[in-house]
Amino acid sequence: MHARQILAITTERLSKIKTLPIHSRTVENTLSAFDSAFGDLWETAWKIDFLMNVSPDAALRKAAQLWATKLGQDSTDLQYDVELYRAVKEFESLQLNLDAASAKLLKDIVRDFKRLGFELSLESRQRLQEYTKQLQDVSAKFAANANNWEDCILVAPSEAEGLSATYVSNLKCDNDGNYIVTIKYPDYFPFVETAVNAQKRKELVDKFYRKGGAQNIELLTEAVALRKKIADLLGYGNFVEYTTETRMAKTGRAVKSFIDDVIQGVRPLLAAELEEMAKLKRQGTDGSALAVEYWDIAYNSNELLKHKYGIDSEKI
(Lines give C-alpha, C1' and ligand atoms only; values in the text may rest on other atoms or scores of the structure.)
Protein backbone atom coordinates (compact mmCIF):
# COMPACT_ATOMS: atom_id res chain seq x y z
CA MET A 1 0.00 0.00 0.00
CA HIS A 2 1.29 3.45 -0.93
CA ALA A 3 2.06 5.82 1.94
CA ARG A 4 -0.40 8.35 0.55
CA GLN A 5 -3.15 5.72 0.65
CA ILE A 6 -2.50 4.64 4.22
CA LEU A 7 -2.61 8.27 5.36
CA ALA A 8 -6.00 8.77 3.70
CA ILE A 9 -7.35 5.49 5.08
CA THR A 10 -6.10 6.25 8.59
CA THR A 11 -7.67 9.71 8.53
CA GLU A 12 -11.00 8.21 7.46
CA ARG A 13 -10.90 5.50 10.13
CA LEU A 14 -10.11 8.02 12.86
CA SER A 15 -12.91 10.31 11.65
CA LYS A 16 -15.41 7.50 12.22
CA ILE A 17 -14.20 7.09 15.80
CA LYS A 18 -14.57 10.81 16.48
CA THR A 19 -18.15 11.08 15.20
CA LEU A 20 -19.65 8.22 17.24
CA PRO A 21 -22.23 9.22 19.89
CA ILE A 22 -20.94 8.56 23.40
CA HIS A 23 -23.38 5.78 24.26
CA SER A 24 -22.68 3.99 20.99
CA ARG A 25 -19.03 3.51 21.87
CA THR A 26 -17.71 -0.02 22.30
CA VAL A 27 -14.33 -1.67 22.60
CA GLU A 28 -14.52 -2.65 18.93
CA ASN A 29 -15.55 0.69 17.41
CA THR A 30 -13.39 2.90 19.65
CA LEU A 31 -10.44 1.17 21.34
CA SER A 32 -9.77 -1.57 18.79
CA ALA A 33 -10.51 0.79 15.90
CA PHE A 34 -8.02 3.33 17.30
CA ASP A 35 -5.37 0.67 17.85
CA SER A 36 -5.69 -0.93 14.42
CA ALA A 37 -5.81 2.42 12.59
CA PHE A 38 -2.47 3.56 14.01
CA GLY A 39 -1.07 0.02 13.94
CA ASP A 40 -1.57 -0.24 10.18
CA LEU A 41 -0.12 3.24 9.68
CA TRP A 42 3.00 2.44 11.67
CA GLU A 43 3.42 -0.92 9.95
CA THR A 44 3.62 0.93 6.65
CA ALA A 45 6.04 3.45 8.19
CA TRP A 46 8.31 0.63 9.41
CA LYS A 47 8.41 -0.90 5.94
CA ILE A 48 9.43 2.44 4.45
CA ASP A 49 12.03 2.92 7.18
CA PHE A 50 13.41 -0.53 6.35
CA LEU A 51 13.84 0.45 2.70
CA MET A 52 15.46 3.73 3.73
CA ASN A 53 18.07 1.83 5.73
CA VAL A 54 18.85 -1.22 3.60
CA SER A 55 17.98 -0.63 -0.05
CA PRO A 56 21.03 -0.63 -2.37
CA ASP A 57 19.15 1.76 -4.67
CA ALA A 58 20.10 5.35 -3.78
CA ALA A 59 17.01 6.80 -5.48
CA LEU A 60 14.74 4.43 -3.56
CA ARG A 61 16.47 5.30 -0.27
CA LYS A 62 15.97 9.00 -0.96
CA ALA A 63 12.27 8.50 -1.79
CA ALA A 64 11.86 6.35 1.33
CA GLN A 65 13.48 9.07 3.44
CA LEU A 66 11.03 11.69 2.14
CA TRP A 67 8.03 9.46 2.81
CA ALA A 68 9.34 8.33 6.20
CA THR A 69 9.59 11.97 7.22
CA LYS A 70 6.12 12.77 5.86
CA LEU A 71 4.52 9.77 7.56
CA GLY A 72 6.20 10.69 10.83
CA GLN A 73 5.04 14.30 10.64
CA ASP A 74 1.50 13.47 9.52
CA SER A 75 1.05 10.66 12.07
CA THR A 76 2.10 13.13 14.78
CA ASP A 77 -0.54 15.59 13.56
CA LEU A 78 -3.15 12.81 13.57
CA GLN A 79 -2.28 11.96 17.17
CA TYR A 80 -2.53 15.58 18.27
CA ASP A 81 -6.24 15.67 17.49
CA VAL A 82 -8.30 17.08 20.35
CA GLU A 83 -11.47 15.40 19.04
CA LEU A 84 -9.74 12.03 19.00
CA TYR A 85 -8.64 12.59 22.60
CA ARG A 86 -12.21 13.54 23.49
CA ALA A 87 -13.50 10.30 21.93
CA VAL A 88 -11.12 8.17 24.03
CA LYS A 89 -11.97 10.08 27.21
CA GLU A 90 -15.66 9.62 26.45
CA PHE A 91 -15.14 5.89 26.23
CA GLU A 92 -13.20 5.94 29.50
CA SER A 93 -16.02 7.84 31.22
CA LEU A 94 -18.47 5.02 30.43
CA GLN A 95 -16.59 2.84 32.95
CA LEU A 96 -17.48 -0.34 31.10
CA ASN A 97 -16.66 -3.76 32.55
CA LEU A 98 -13.63 -4.52 30.37
CA ASP A 99 -11.63 -7.70 30.08
CA ALA A 100 -7.96 -7.53 31.05
CA ALA A 101 -6.67 -6.99 27.51
CA SER A 102 -9.14 -4.18 26.77
CA ALA A 103 -8.49 -2.52 30.13
CA LYS A 104 -4.76 -2.50 29.43
CA LEU A 105 -5.31 -1.12 25.92
CA LEU A 106 -7.42 1.73 27.32
CA LYS A 107 -4.82 2.45 30.00
CA ASP A 108 -2.03 2.53 27.40
CA ILE A 109 -3.93 4.82 25.03
CA VAL A 110 -4.79 7.28 27.81
CA ARG A 111 -1.16 7.18 28.98
CA ASP A 112 0.06 7.88 25.44
CA PHE A 113 -2.21 10.92 25.15
CA LYS A 114 -0.70 12.17 28.41
CA ARG A 115 2.75 11.65 26.89
CA LEU A 116 1.59 13.78 23.96
CA GLY A 117 0.94 16.61 26.40
CA PHE A 118 -2.85 16.53 26.53
CA GLU A 119 -2.74 17.33 30.26
CA LEU A 120 -0.64 20.43 29.55
CA SER A 121 -1.82 23.86 28.49
CA LEU A 122 -2.61 24.36 24.80
CA GLU A 123 0.52 26.47 24.33
CA SER A 124 2.75 23.81 25.94
CA ARG A 125 1.09 21.03 23.94
CA GLN A 126 1.67 22.89 20.69
CA ARG A 127 5.33 23.37 21.58
CA LEU A 128 5.63 19.68 22.38
CA GLN A 129 4.07 18.79 19.04
CA GLU A 130 6.57 21.02 17.24
CA TYR A 131 9.53 19.59 19.18
CA THR A 132 8.37 16.06 18.31
CA LYS A 133 8.14 16.85 14.61
CA GLN A 134 11.54 18.55 14.66
CA LEU A 135 13.06 15.49 16.34
CA GLN A 136 11.52 13.21 13.70
CA ASP A 137 13.01 15.36 10.95
CA VAL A 138 16.45 15.49 12.56
CA SER A 139 16.45 11.73 13.16
CA ALA A 140 15.49 11.00 9.54
CA LYS A 141 18.26 13.29 8.25
CA PHE A 142 20.79 11.66 10.56
CA ALA A 143 19.89 8.16 9.35
CA ALA A 144 19.89 9.24 5.70
CA ASN A 145 23.32 10.89 6.02
CA ALA A 146 24.77 7.72 7.55
CA ASN A 147 23.12 5.41 5.02
CA ASN A 148 24.14 7.47 1.99
CA TRP A 149 27.65 8.30 3.18
CA GLU A 150 30.35 7.15 0.78
CA ASP A 151 34.00 6.70 1.58
CA CYS A 152 36.77 4.24 0.86
CA ILE A 153 40.41 3.35 1.28
CA LEU A 154 42.95 2.37 -1.34
CA VAL A 155 44.77 -0.92 -0.82
CA ALA A 156 47.81 -1.84 -2.86
CA PRO A 157 48.09 -5.49 -3.94
CA SER A 158 51.05 -5.82 -1.56
CA GLU A 159 48.74 -4.76 1.31
CA ALA A 160 46.01 -7.31 0.52
CA GLU A 161 47.42 -10.26 2.45
CA GLY A 162 44.69 -12.38 4.04
CA LEU A 163 41.94 -11.29 1.65
CA SER A 164 40.40 -14.15 -0.31
CA ALA A 165 40.71 -14.34 -4.08
CA THR A 166 36.92 -14.21 -4.37
CA TYR A 167 36.72 -11.05 -2.29
CA VAL A 168 39.52 -9.31 -4.17
CA SER A 169 38.03 -10.24 -7.55
CA ASN A 170 34.87 -8.28 -6.66
CA LEU A 171 36.74 -5.08 -5.77
CA LYS A 172 37.13 -2.20 -8.18
CA CYS A 173 40.57 -0.73 -8.86
CA ASP A 174 41.82 2.79 -9.43
CA ASN A 175 44.05 3.77 -12.36
CA ASP A 176 47.17 2.78 -10.42
CA GLY A 177 45.94 -0.74 -9.74
CA ASN A 178 45.02 -0.16 -6.09
CA TYR A 179 41.97 -1.94 -4.76
CA ILE A 180 39.09 0.35 -3.75
CA VAL A 181 37.58 -0.88 -0.47
CA THR A 182 34.43 1.01 0.49
CA ILE A 183 32.64 1.29 3.83
CA LYS A 184 29.63 -0.57 2.43
CA TYR A 185 28.90 -3.78 4.31
CA PRO A 186 29.93 -6.27 1.55
CA ASP A 187 33.37 -4.62 1.44
CA TYR A 188 33.76 -3.62 5.06
CA PHE A 189 33.14 -6.75 7.12
CA PRO A 190 35.24 -9.26 5.14
CA PHE A 191 38.09 -6.74 5.08
CA VAL A 192 38.20 -6.00 8.81
CA GLU A 193 37.84 -9.72 9.58
CA THR A 194 40.55 -11.06 7.25
CA ALA A 195 42.99 -8.32 6.18
CA VAL A 196 46.37 -8.89 7.82
CA ASN A 197 47.45 -5.26 7.39
CA ALA A 198 46.48 -3.62 10.71
CA GLN A 199 47.06 -0.07 9.50
CA LYS A 200 44.65 -0.54 6.60
CA ARG A 201 42.08 -2.09 8.94
CA LYS A 202 42.37 0.95 11.21
CA GLU A 203 41.99 3.28 8.25
CA LEU A 204 38.78 1.56 7.13
CA VAL A 205 37.29 1.22 10.63
CA ASP A 206 37.88 4.92 11.32
CA LYS A 207 36.10 5.89 8.10
CA PHE A 208 33.23 3.47 8.83
CA TYR A 209 32.53 5.01 12.23
CA ARG A 210 32.65 8.54 10.86
CA LYS A 211 29.72 7.99 8.53
CA GLY A 212 27.60 11.11 8.27
CA GLY A 213 30.55 13.39 8.94
CA ALA A 214 30.42 16.72 10.76
CA GLN A 215 26.81 17.27 9.73
CA ASN A 216 25.71 14.28 11.80
CA ILE A 217 27.56 15.64 14.82
CA GLU A 218 25.48 18.80 14.47
CA LEU A 219 22.27 16.78 14.01
CA LEU A 220 23.09 14.64 17.03
CA THR A 221 23.62 17.75 19.14
CA GLU A 222 20.29 19.10 17.91
CA ALA A 223 18.52 15.80 18.66
CA VAL A 224 19.87 15.70 22.22
CA ALA A 225 18.66 19.26 22.82
CA LEU A 226 15.18 18.44 21.45
CA ARG A 227 14.96 15.31 23.58
CA LYS A 228 15.75 17.38 26.67
CA LYS A 229 13.06 19.91 25.75
CA ILE A 230 10.49 17.13 25.36
CA ALA A 231 11.43 15.52 28.67
CA ASP A 232 11.46 18.84 30.51
CA LEU A 233 8.09 19.93 29.12
CA LEU A 234 6.46 16.66 30.19
CA GLY A 235 8.09 16.69 33.62
CA TYR A 236 10.47 13.74 33.22
CA GLY A 237 13.92 13.82 34.78
CA ASN A 238 15.49 13.07 31.40
CA PHE A 239 14.66 11.52 28.02
CA VAL A 240 15.68 8.06 29.24
CA GLU A 241 12.88 8.18 31.83
CA TYR A 242 10.46 9.27 29.10
CA THR A 243 11.53 6.48 26.73
CA THR A 244 11.62 3.63 29.23
CA GLU A 245 8.18 4.39 30.69
CA THR A 246 6.46 2.40 27.92
CA ARG A 247 9.01 -0.42 27.86
CA MET A 248 9.59 -3.49 30.00
CA ALA A 249 12.32 -1.82 32.08
CA LYS A 250 9.97 1.07 33.03
CA THR A 251 12.76 3.27 34.43
CA GLY A 252 16.21 4.46 33.47
CA ARG A 253 17.50 3.19 36.81
CA ALA A 254 16.37 -0.35 35.94
CA VAL A 255 18.15 -0.14 32.57
CA LYS A 256 21.37 1.09 34.18
CA SER A 257 21.20 -1.64 36.82
CA PHE A 258 20.72 -4.30 34.14
CA ILE A 259 23.63 -2.99 32.05
CA ASP A 260 25.88 -2.77 35.12
CA ASP A 261 25.04 -6.37 36.03
CA VAL A 262 25.78 -7.56 32.49
CA ILE A 263 29.11 -5.71 32.44
CA GLN A 264 30.06 -7.16 35.80
CA GLY A 265 29.17 -10.67 34.62
CA VAL A 266 30.99 -10.56 31.28
CA ARG A 267 34.09 -8.65 32.41
CA PRO A 268 36.08 -11.78 33.38
CA LEU A 269 35.06 -13.50 30.14
CA LEU A 270 36.02 -10.42 28.14
CA ALA A 271 39.41 -10.22 29.83
CA ALA A 272 40.09 -13.89 29.08
CA GLU A 273 39.06 -13.56 25.43
CA LEU A 274 41.13 -10.40 24.95
CA GLU A 275 44.13 -12.21 26.40
CA GLU A 276 43.63 -15.04 23.91
CA MET A 277 43.45 -12.47 21.12
CA ALA A 278 46.62 -10.82 22.41
CA LYS A 279 48.44 -14.16 22.37
CA LEU A 280 47.45 -14.65 18.75
CA LYS A 281 48.59 -11.13 17.95
CA ARG A 282 51.97 -11.76 19.55
CA GLN A 283 52.62 -14.84 17.43
CA GLY A 284 55.27 -14.14 14.85
CA THR A 285 56.62 -11.16 16.82
CA ASP A 286 59.33 -10.90 19.46
CA GLY A 287 56.68 -11.73 22.07
CA SER A 288 56.54 -8.23 23.55
CA ALA A 289 53.20 -7.05 24.89
CA LEU A 290 50.85 -5.94 22.17
CA ALA A 291 47.49 -4.44 23.05
CA VAL A 292 44.40 -5.49 21.10
CA GLU A 293 43.14 -2.27 19.53
CA TYR A 294 39.60 -1.51 18.32
CA TRP A 295 40.61 -2.17 14.72
CA ASP A 296 41.91 -5.60 15.77
CA ILE A 297 38.71 -6.93 17.36
CA ALA A 298 36.98 -8.26 14.23
CA TYR A 299 40.23 -9.64 12.79
CA ASN A 300 41.41 -11.32 15.99
CA SER A 301 37.93 -12.68 16.74
CA ASN A 302 37.95 -14.31 13.33
CA GLU A 303 41.47 -15.65 13.90
CA LEU A 304 40.38 -17.03 17.26
CA LEU A 305 37.47 -18.86 15.63
CA LYS A 306 39.85 -20.42 13.13
CA HIS A 307 42.59 -21.41 15.60
CA LYS A 308 40.46 -22.47 18.56
CA TYR A 309 37.35 -23.89 16.93
CA GLY A 310 38.39 -24.61 13.34
CA ILE A 311 35.72 -22.28 11.96
CA ASP A 312 36.65 -20.40 8.79
CA SER A 313 34.00 -17.82 7.86
CA GLU A 314 35.42 -17.55 4.36
CA LYS A 315 34.84 -21.26 3.72
CA ILE A 316 31.40 -21.14 5.29
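Modeller: Let's start with the rule for strands: two of them pair if DSSP finds at least two bridges between them. Keep in mind that this is a predicted model.

Biologist: Okay, how many bridges join β2 to β3?

Modeller: Two bridges link β2 to β3, which covers residues 179-182, and these strands run antiparallel. One residue to look up is Lys172, whose bridge partner in β3 is Ile180.

Biologist: In what order do the three strands sit in the sheet?

Modeller: The order is β1-β3-β2, in an open sheet with antiparallel pairing. β1 (152-155) and β2 (172-173) each have a single partner strand and stand at the edges, so one side of each lacks a neighbour in the sheet.

Biologist: Which helices lie across β1 and β3?

Modeller: Helix α8 (residues 185-194) does, running at about 105 degrees to β3. Helix α9 (residues 198-208) also lies across β1 and β3, and it runs at about 165 degrees to β1.

Biologist: Now the helix pair. At what angle do the axes of α1 and α2 cross?

Modeller: Take α1 (residues 3-18) and α2 (residues 27-54): their axes cross at roughly 170 degrees and come within 10 Å. Angles over 145 degrees count as roughly antiparallel, and that is why α1 is roughly antiparallel to α2. The crossing is left-handed.

Biologist: Which residues make the contact?

Modeller: On α1, they include Ile6, Leu7, Leu14 and Ile17; on α2, Phe34, Phe38, Leu41 and Ile48 are among them. Sorted by class, the contact of α1 with α2 has 11 nonpolar, five polar and two charged residues.

Conventions:
Residues numbered from 1 in each chain as written. Predicted model: local features only at pLDDT ≥ 70, side-chain atom pairs only at ≥ 80, totals over all residues. Heavy atoms only, no water. Axes fitted to C-alpha atoms, helices over the stretch in contact; angles between N-to-C directions. Helix = DSSP H or I, 4+ residues; strand = E, 2+ residues; numbered from the N terminus. Parallel < 35°, antiparallel > 145°, perpendicular 65-115°, else oblique. Left-handed = near helix turned anticlockwise from the far one by under 90°. Contact = heavy atoms within 4.5 Å. Nonpolar A, V, L, I, M, F, W, Y, C, P; charged D, E, K, R; others polar.
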